[in-house]
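User: I have a model open and would like to go through it with you. Could we begin with the aromatic residues and then move on to the strands?
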Amino acid sequence: MDDLERELRELTAWLEPAAPPDVTAQVRDRLAAPPRRWRYWLAVALSALLVAALPPGRAALADVVTGLLRFSGVVIDTSPLPAPPTGTPSPLPAQRPVALAEAQRQVRFPIRVPARLGAPERVLVADPDGAGAHRVASLLYRGGTLRLDAFDGTLDTVFHKQTAGADVTFTQVHGDFAIWVGGPHALAYIDRRGSVRVATARLSAATLIWQAGGVSYRLEGDLTQGEALDVAGSLE
């Protein structure tokens, strides 16, 4: 059984069989609806189809009706923000600076450096498990205003984004599915128990999210979508 078939079988636990409804009246109503409503329903349908067609292991579940999208260890929530984060956020759990070579020994996935940015100014690792293997590695550039987070997003959800008002679009990195969040949005860390760590919440810059070689990445900073894609495409 491949990964996609396994994921689809697991999703059946979320569903309860029901008799098929009579949708004739609904179809007639939608045919008579204004064009803007049709564009909304078309966007919903296309979003659902796109997520369903993702390669195995790339997406767990998308719920475009409630505005949630789970992809590569990141939950993107487009529901209204109660209030943007203020103040100085706490660092990620047990975060510490290390040399790049040491960071590679501290995580269980390959750390790739984007050729477009070169060697990072600082490297951070965070959230070690009981064996000392860290969950996240972050490469910092431009005084920390540009960062590339790398983590194994195929196992657990790591980041939670609330993007109300930000432009969320689907794109590609080397032909693979990616998500661009084109504006400031709230970002919080999700610990190993699945709890959102509110103390880490901060206002994040525009972000590109993608996955390559089983590793998930989020590139955040003052970049256009084209610049972010150029950086993402230069990992080596």
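**Aromatic residues and strands**

Analyst: Phe170 is partly exposed, because its relative accessible area is 35%. Please keep in mind that this is a predicted model.

User: How many aromatic pairs does the structure hold?

Analyst: There are five aromatic pairs in the structure. One of them joins Phe71 and Phe177 in an edge-to-face arrangement, with 5.0 Å from centre to centre and 85° between the planes. This pair links distant parts of the chain, since Phe71 belongs to strand β2 (residues 68–71) and Phe177 to strand β10, 106 residues apart.

User: Are Phe71 and Phe177 buried or exposed?

Analyst: Both Phe71 and Phe177 are buried. For Phe177 the relative accessibility is 7%, so this residue counts as buried.

User: And how are the rings of Phe170 and Phe177 placed?

Analyst: Their centres are 5.1 Å apart and their planes lie at 50°, so the pair is tilted. Ring pairs thus join Phe71, Phe170 and Phe177 into a cluster.

User: Which ring has the charged end of Arg218 over it?

Analyst: That is the ring of Phe159; the charged end of Arg218 is 5.2 Å from the ring centre.

User: Let us turn to the sheet. What is the strand order in the open sheet of eight strands?

Analyst: The order is β4-β5-β6-β7-β14-β13-β10-β9, and the pairing is antiparallel. At the edges are β4 (96–97) and β9, each of which pairs on one side only. As a general point, strands of a sheet pair through backbone hydrogen bonds, either parallel or antiparallel.

User: How many bridges pair β13 and β14?

Analyst: Strand β13 (residues 207–212) and strand β14 (residues 215–220) are paired in the antiparallel sense over six bridges. Within that pairing, Thr207 has Glu220 of β14 as its bridge partner.

User: Which strands does helix α5 touch?

Analyst: Helix α5 (residues 225–232) packs on the sheet and touches β9, β10, β13 and β14. The direction of α5 makes about 35° with that of β9.

User: What about β11: how many of its residues are buried?

Analyst: Six of the six residues of strand β11 (residues 185–190) are buried, so the strand is largely enclosed by the rest of the structure.

User: Which residues lie on each side of β11?

Analyst: His185, Leu187 and Tyr189 are on one side, and Ala186, Ala188 and Ile190 are on the other. Both faces of β11 are covered, as all of these residues are buried. In general, the side chains of a regular strand alternate between the two faces of the sheet.

User: What does β11 pair with?

Analyst: Strand β8 (residues 159–162) pairs with β11 in the antiparallel sense over four bridges, and there His160 has Ala188 as its bridge partner in β11. β12 also pairs with β11 in the antiparallel sense, over five bridges. Across that second pairing, Leu187 stands opposite Arg202 in β12. The hairpin of β11 and β12 has five residues between the strands, and Gly194 takes a positive phi near 90° in this hairpin.

User: Staying with β12, is Thr200 buried or exposed?

Analyst: Thr200, in strand β12 (residues 196–204), counts as buried because its relative accessibility is 5%. A polar atom of the Thr200 side chain lies 2.8 Å from the backbone oxygen of Arg197. Leaving aside residues up to four places away in sequence, Thr200 touches Pro89, Ser90, Pro91, Leu187, Ala188 and Tyr189.

User: New topic. What is the phi of Ala94, and where is Ala94 placed?

Analyst: Phi of Ala94 is near 55°, a positive value in a residue other than glycine. Most residues other than glycine have a negative phi. Ala94 is in the loop between β3 (74–77) and β4, and a relative accessible area of 51% means that Ala94 is exposed.

User: And what is the phi of His174?

Analyst: His174 likewise has a positive phi near 55° and is a residue other than glycine. The residue is in the loop between β9 (168–173) and β10 (176–181).

User: Is His174 buried or exposed, and what does the His174 side chain reach?

Analyst: His174 counts as exposed because its relative accessibility is 67%. The side chain of His174 nevertheless reaches the backbone oxygen of Gly233 at 3.0 Å. From C-alpha to C-alpha, His174 and Ala212 are 9.1 Å apart in space, while they are 38 residues apart in sequence.

Technical notes. Residues numbered from 1 in each chain as written. Predicted model: local features only at pLDDT ≥ 70, side-chain atom pairs only at ≥ 80, totals over all residues. Heavy atoms only, no water. Helix = DSSP H or I, 4+ residues; strand = E, 2+ residues; numbered from the N terminus. Buried < 20%, exposed > 50% of the residue type's maximum accessible area, 1.4 Å probe, protein only. Polar contact = N/O pair within 3.5 Å; in protein donor to acceptor, adjacent residues only side chain to side chain. Contact = heavy atoms within 4.5 Å. Phe/Tyr/Trp six-rings, centres within 6.5 Å; stacked < 30°, edge-to-face > 60°. Lys NZ or Arg CZ within 6 Å of the ring centre and 35° of its normal. Pairing = 2+ DSSP bridges. Axes fitted to C-alpha atoms, helices over the stretch in contact; angles between N-to-C directions.
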